[in-house]
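User: I have a model open and would like to go through parts of it with you. Can we start once it is on screen?

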Amino acid sequence: MTSPFLSLTWTDHLTGRQGFLVVDRLVRGVCSGGLRMRAGCTLEEVTGLARGMSLKEALHYDPEARYVPLGGAKGGIDCDPRDPQAHGLLVRYLRAMRPYVESCWTTGEDLGLSQDLVDRAVAEVGLVSSVQAVHPLLDDEAAARARLAAAFAVEVDGIGLDELVGGCGVAESVLTVLDRAGVAYRGTRVALQGFGTMGGATARFLTRAGLTVVAVADVKGTLANPAGLDVEALLTARDAHGAVDRAVLRPGDRELPGDAWLSTEAEVLVPAAVSYAIGVEEQGRIRARWIVEAANMPVLPEAEALLHARGVGVLPDVVVNSGTNAWWWWTLFGDIGAEAEEAFTHTRRSMRALVELVLTRAEADETTPRAAAHAIAEQRLPVITHRFGTHRRD
């Protein structure tokens, strides 16, 4: 594995807290990767995430599409997003990173930060956009920016399209796995860790497909009901960080400890919150048949090896949660318009094809889905570099 193109650590002069930026690689002088904020965020974590972004971009490479994959990158800030000092810290971080946002790093929401918060901080710093580095690559910048703005303004049943496309991609990943295994949607139970942007949208799409969400974990604990939770009621009772107001719980709903989602009687587990959630000890409690990684790096390698040995399939994050990032670029580059149905149709088709490709490769190679996904991406990366180069062509 090659070293990152750029790796830096920033220390805030007011709080002493640290932030990180890692650029794994550039394509046409530009890289893509969100900005996360969480207590305990480390340079090692951000480095792994940046590498994952390079793989996600490569996995969505379509030689016939207008969207050309970018390089991978990631930003991170070591702070609890609920901290009263969080916004000021975010603004100072972006001010320090301004040269990179202007020249090469396109970024957006990630764990702990909404796109609205990122956009507010970007405006306060005086930047044009969090993705302005890609603007010189667009055929018609004004039209592209208008199209993306229109897409971000779309809401479907009270949730923004930018939130929903990620959950649509995760849900389609789950449905593809079930279809390949010949398992009916109705009667299939799902437990989710995290009910924020990704987890909440995933729960909506899965319940509307006929699956039953039997457990949801948030920062307050795990909500469970073997007969199924009322997902729409929980969605309306979330705060900005995905915590559910317990006042909406029904008589059959139970409140359990925060880690109870791991051992829930469910066929599918969807970790959709923090990284490193499932280690060696945690994996031993899992009874599910499949783990579908909506979060970044939730299953540690040692745990995944043990899960694989006992027949639990792990569909990796570089596949499962790649739809959000791809949707930004499909929209901006003009492969799709701003309409919700077009976004969902394109996301479903692309994610189903990708999951099928990865699982077919895993079976042929007699390896894990993660190893197969990485192998496919590693084959595509040099092709992308050869075709488009690492530096912008003016």
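Analyst: What follows goes through a few strands, a helix, one aspartate and the nonpolar cores of this predicted model.

User: Start with Asp-218. Which strand is it in?

Analyst: Asp-218 lies in strand S10, which covers residues 212-218.

User: Is Asp-218 buried or exposed?

Analyst: Buried. Its relative accessibility is 13%, and the cut-off for buried is under 20%, so Asp-218 falls on the buried side.

User: What does Asp-218 touch, leaving out residues up to four places away in sequence?

Analyst: Gly-242, Ala-243, Val-244 and Arg-246. With Arg-246 there is a polar contact between the two side chains, at 2.6 Å. At Val-244 the backbone nitrogen is 2.9 Å from a polar atom of the Asp-218 side chain.

User: And how far is Asp-218 from Arg-28, C-alpha to C-alpha?

Analyst: The separation is 40 Å, for two residues 190 places apart along the chain.

User: Back to S10. Is the strand mostly covered or mostly open?

Analyst: Mostly covered, with six of its seven residues buried.

User: Which way do S9 and S10 run, and how many bridges join them?

Analyst: S9, residues 189-193, runs parallel to S10, and five bridges join the two. One pairing to look at is Gln-193 with Ala-217 in S10.

User: What about S10 and S11?

Analyst: S11 takes in residues 221-224 and runs antiparallel to S10, with four bridges between them. Here Ala-217 stands opposite Thr-222. The connection is a hairpin with two residues joining S10 to S11.

User: So Ala-217 has which partners?

Analyst: Gln-193 is its bridge partner on the S9 side, and Thr-222 is opposite it in S11.

User: What unit do S9, H7 and S10 make?

Analyst: A β-α-β unit, and it is right-handed.

User: Why would you say the length of H7 agrees with what a helix should span?

Analyst: H7 has 12 residues, 197-208, and at 1.5 Å a residue these should span 16 Å. The end C-alpha atoms are 17 Å apart, which agrees.

User: How many of the H7 residues are buried?

Analyst: Nine of the 12, so the helix is mostly covered. The buried ones are Met-198, Gly-199, Gly-200, Ala-201, Thr-202, Ala-203, Arg-204, Phe-205 and Leu-206.

User: What phi does Gly-210 take, just after H7?

Analyst: A positive one, about 110°.

User: Switching topic. How many residues are in the largest nonpolar core?

Analyst: It has 81 residues, and Val-270, Trp-327 and Trp-329 have the most contacts inside it. Helix H6, residues 161-181, gives the most to this core, with 10 residues.

User: What is Trp-327 in contact with, neighbours within four places aside?

Analyst: Its contacts are Ala-151, Phe-152, Leu-161, Asp-162, Val-165, Ile-336 and Ala-343. There is also a second, separate core of 27 residues, with Ala-86, Val-91, Tyr-93 and Met-97 among them.

User: Last one, the N-terminal strands. How do S1 and S2 pair?

Analyst: S1 (residues 6-11) and S2 (residues 18-23) are antiparallel, over six bridges. Leu-6 is opposite Val-23 in S2. Their hairpin has six residues between the strands, and Gly-16 takes a positive phi near 80° there.

How values were computed. Residues are numbered from 1 along each chain as its sequence is written. This is a predicted model: local features need pLDDT of at least 70, side-chain atom pairs count only at pLDDT 80 or more; totals for chains, interfaces and linings use all residues. Side-chain values use heavy atoms; hydrogens and water are left out. Buried means under 20% relative accessible area, exposed over 50%, partly exposed in between (1.4 Å probe, protein chains only). Contact means heavy atoms within 4.5 Å. A polar contact is a pair of N or O atoms within 3.5 Å; within protein, one must be able to donate a hydrogen and the other to accept it, and residues adjacent in sequence count only if both atoms are side-chain atoms. A nonpolar core is a set of buried Ala, Val, Leu, Ile, Met, Phe, Trp, Tyr and Cys residues joined through side-chain atoms within 4.5 Å. The expected span of a helix is 1.5 Å times one less than its number of residues. Two strands pair if DSSP finds at least two bridges between them. A crossover is right-handed if, with the strands pointing away from the viewer, the path from the first strand over the helix to the second runs clockwise.
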